[in-house]
Amino acid sequence: MPIVKHKPKPKPEVLPGVRHPLEKYLRTDRLPHIWCSGCGLGIALSSFLYALEELEIDPDSVAVVSGIGCAGRFAGYVRLDSYHTTHGRAIPFATGLKLAKPDLKVVVFSGDGDLFAIGGNHFIHAARRNVDITVLCVNNFNYGMTGGQVGPTTPIEGRTTTTPYGNFEHPFNLVYLAASAGATYVARWTTLHARRLKESIKEALQHPGFNFIEIISPCPTNFGRRNKLGDALDEMRYYAEKAMIRHGADPAAAEVVPGKEFIVGKFVDTRKPTYLELYRKKVEELFGR
Amino acid sequence: MANKPVTRTASRVTKKRVLSGVHFMNGDEAIAEGAIAAGCTFFAAYPITPQSEIAERMARRLPQVDGVFIQMEDELGAMAAVIGAAWGGVKAMTATSGPGFSLMMENLGLAVMTETPCVIANVQRGAPSTGLPTLVGQGDMMQARWGSHGHYEIIALSPASPQEAFDLTVKAFALSERFRSPVLLMTDEVVGHMYERVEIPEEVPVAPRRKPKAPPDGFLPFKPEEDLVPPMACAGDGYRIHVTGLTHDERGYPAMDAEAHDKLVRRLCEKITRFRDEFTWYEEVMTEDAEVLVISYGISARVSLGGVELARAKGIKAGLLRLITIWPFPDEVIRKFADRVGGLVVVEINLGQIYREVERASGGRVPMRGVFHAGGRIHTPEEVLAGIEEVLECRS
C-alpha cells in the first residue's frame, strides 16, 4: 500500500437497503480493496465466500490465514477470524492453529511466491503430514505486491523486473509438487472457471486432510503488461482457449507453458488418515483405550 | 523435605499435569515440566543441541496431558506454529539454541506485533554460527533484546539451576498471559544439562488468558485496557477479528501512517516497561557491606558466587548480584548498587554484552571490570577473584 495516495479509488455507490449476499462475510468497512483492476484475486475471494455460503458453514468456525503479498491481503477482507502472518509462514501458523483448535476449519490463502518460494519447505511438510487444512494458492506467475519480480512459477522467458532479459529458471509445476508431497486433494482452476473453482473449494472444505487448489490468475499490472498478454479480458480469453479440463490427469503432465494448452481440473482426490487422526490414535494406544 | 523420596517420572505414563514431588532432573527437563505444569498444551520445535531434552520430554509428556507436540521442519515453522496455536486459545511454547533462535527472530516480531502470549526457551551454546553445539555460551543475550527487526520491548528471564528453570518457566507463562507478549527463557547448556534436585510443588496455578468482556459487536480487538494490554479474542470465540503483523489500529486493521505506527509501537513498549517492577527479579548475596559487587546471571552467577567466597576468605568485601530478569534491563537496581559500592565486576560467557548494559545503567560512576569468556566453558572462581582484585587495584 503506498504511503502517498495519489488518487483515491472511488467509493462504490451503495443503494439503501440493498445488500450483497456475501456482505456478511466481508469487512465492508475495509472496501474498496487494494487489488488492481483486472486482478483475479476478487474472483478467488468471491468463489471462496460463495463456497462458504452454499455449504452453510458457521462463520465462527472458519479461520483464514494468509502470508504476505497481494494474495496475503485476502485475510484482511474476510469477516472471519483472519490472520495476516509473516512471509511464507501461513502454513505453519495454520498448522499450529488447527492442532490447537481441531474443530476449526483452517484455510490458507496466499500466493505462489509466498507459498512456494519462501514458504516452500512448509508446504511440502504440511502436505506430507496431511495436516487437515485447505491451501488456496493464487498463482499470478510473479511477485505482484513488490512490483513484479520473478517467482518460482514464472515461465521460461517470462519478463519480470528481475528477469529483464527473460527468465531462464525452470518453474515449479505446483500441481505435481503438491501431489508428490502427499496432498490428498489437488485441483487447479483459472479465475475464468469461477463456478468450477467454487465447487472445487466446496469439495476441499469438506475433504479431510491436506487440500490444495491452484488458482491461475491474471496480473495485468505487472506480469501481464510486461509479457504483452493484453488486459485481464484478453487473459480470460487466453484461459478459455488454452485451459483443458481433464479430471484425473497425471499431475506430471500439468506444466503451464506460455502459448500451449494446459490442464485444469481435479488431479487428486484420495483419503488417508490426517495428522490429528493419527495423533489421537497414538494417545489412545498410550492409555490402552 | 530433604528426606523425601525422589520420584521417578520420566518413563511413567501419567495424565498428571503437575508432577508434584522431588525429582532428579536436568534444566532442560525442568523447563518441559515447568511448562506443562503451567498449562502449556502445545509445543512445536526443531531438534537442536543442547535443547533436545526439552523437546524429547515434551514429546513424551504432552500426549499424556491432552496436549500436542509437533516437530516442525525448521525453527521458522516452529515459531509460526506456536503463534498459531496461541491464537487457537492454548498456551504454547518452543525451545531452541542459537542457530534456531536466529530463525525464530522473524516470527518473534510477529508475536510482539500481534501481542501473542507464548514462551521461547533458548539453551545457549557457543556462537556465532554453528559455533560450539555441545558447549556452553551466553552470547545471545543481546539478540534476545534486539534480534527481531524494529523497536520493541521483550521480557527475558535467566535461570541458574534446574529448580529455577522450572520455577521461571511457570512464571514465564504467567507473564506472557499478563502482558500478552512473548517471554524468553535465556538459559544455557550447563544449566540445561546439569542434573539437580527439582522440587515440584503440590499445585501450580494456570495463568488465565485475558478474554474480552464486551460482546463481538463493535469490539475493538486492539483497544487496550487500563494497563495498556488488550483482551484477546481467540479463533472460534465468535469475535471474528483480524490480526496482522502490519501496523494496525484498534480495530486490528492495517493503518499505514506515521502517527498510528508511533502510537502502536509506543504502547507495545510501554505496556511492559511501565509495569517492570512486577517482574524485576534478582538475588543478592553478601551485598550489605560489599565494596565490590559482582554482577552475573545464569550459570556464570553460580561460578561468581565461588569467586565472591574466595574473595571473602581473603578479607575482601565482595558481594554478588545475580540478575534473574535480564530484559527489560534492571537499570534502577544497578544504579542503586552502583551508588553503594566501589567497584563492579561483570561475569558472563560472551565478550561483554550485559557489561555494556551495566556500564550504561551505572553511568560510569564506579570502576568496572569484565570477566569474559567467548564460550565453550564456564569460568573458574579464581578468574572471578582475579576480576575482583583488579577492580580493587584500579580503585586504589
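A salt bridge is here a side-chain nitrogen of Lys or Arg within 4 Å of a carboxyl oxygen of Asp or Glu. In this predicted model, that rule finds two salt bridges across the interface of domain 1 of chain B and domain 2 of chain B. In one salt bridge the side chain of B:R302 meets that of B:E196, with 2.5 Å from N to O.

The domain assignment of chain B places domain 1 at residues 21-200 and domain 2 at residues 284-395, and the C-alpha centres of these two domains of chain B lie 27 Å apart. The contact draws on residues from both domains, as the table sets out.

| Domain of chain B | Residues in the contact |
|---|---|
| Domain 1 | 28 residues |
| Domain 2 | 22 residues |

Between them, domain 1 of chain B and domain 2 of chain B bury about 1900 Å², of which 58% is on carbon and sulfur atoms. On the side of domain 1 of chain B, the residues that lose the most area to domain 2 of chain B are B:Q138, B:M141 and B:M142, which together account for 31% of what that side buries.

Polar contacts also link the two domains of chain B, with a count of 16 residue pairs, both residues being at pLDDT 80 or more. On the side of domain 1 of chain B that touches domain 2 of chain B, at least two residues each come from β6 (132-136), α5 (141-146), β7 (155-157), α6 (162-179) and α7 (189-193) of chain B, and α5(B) gives the most, with four residues. Sorted by class, this side of domain 1 of chain B has 17 nonpolar, five polar and six charged residues.

Technical notes. Residues numbered from 1 in each chain as written. Chains lettered and ligands numbered in written order. Predicted model: local features only at pLDDT ≥ 70, side-chain atom pairs only at ≥ 80, totals over all residues. Heavy atoms only, no water. Domains from an automatic or database assignment. Contact = heavy atoms within 4.5 Å. Buried area = accessible area lost by both parts, 1.4 Å probe. Polar contact = N/O pair within 3.5 Å; in protein donor to acceptor, adjacent residues only side chain to side chain. Nonpolar A, V, L, I, M, F, W, Y, C, P; charged D, E, K, R; others polar.
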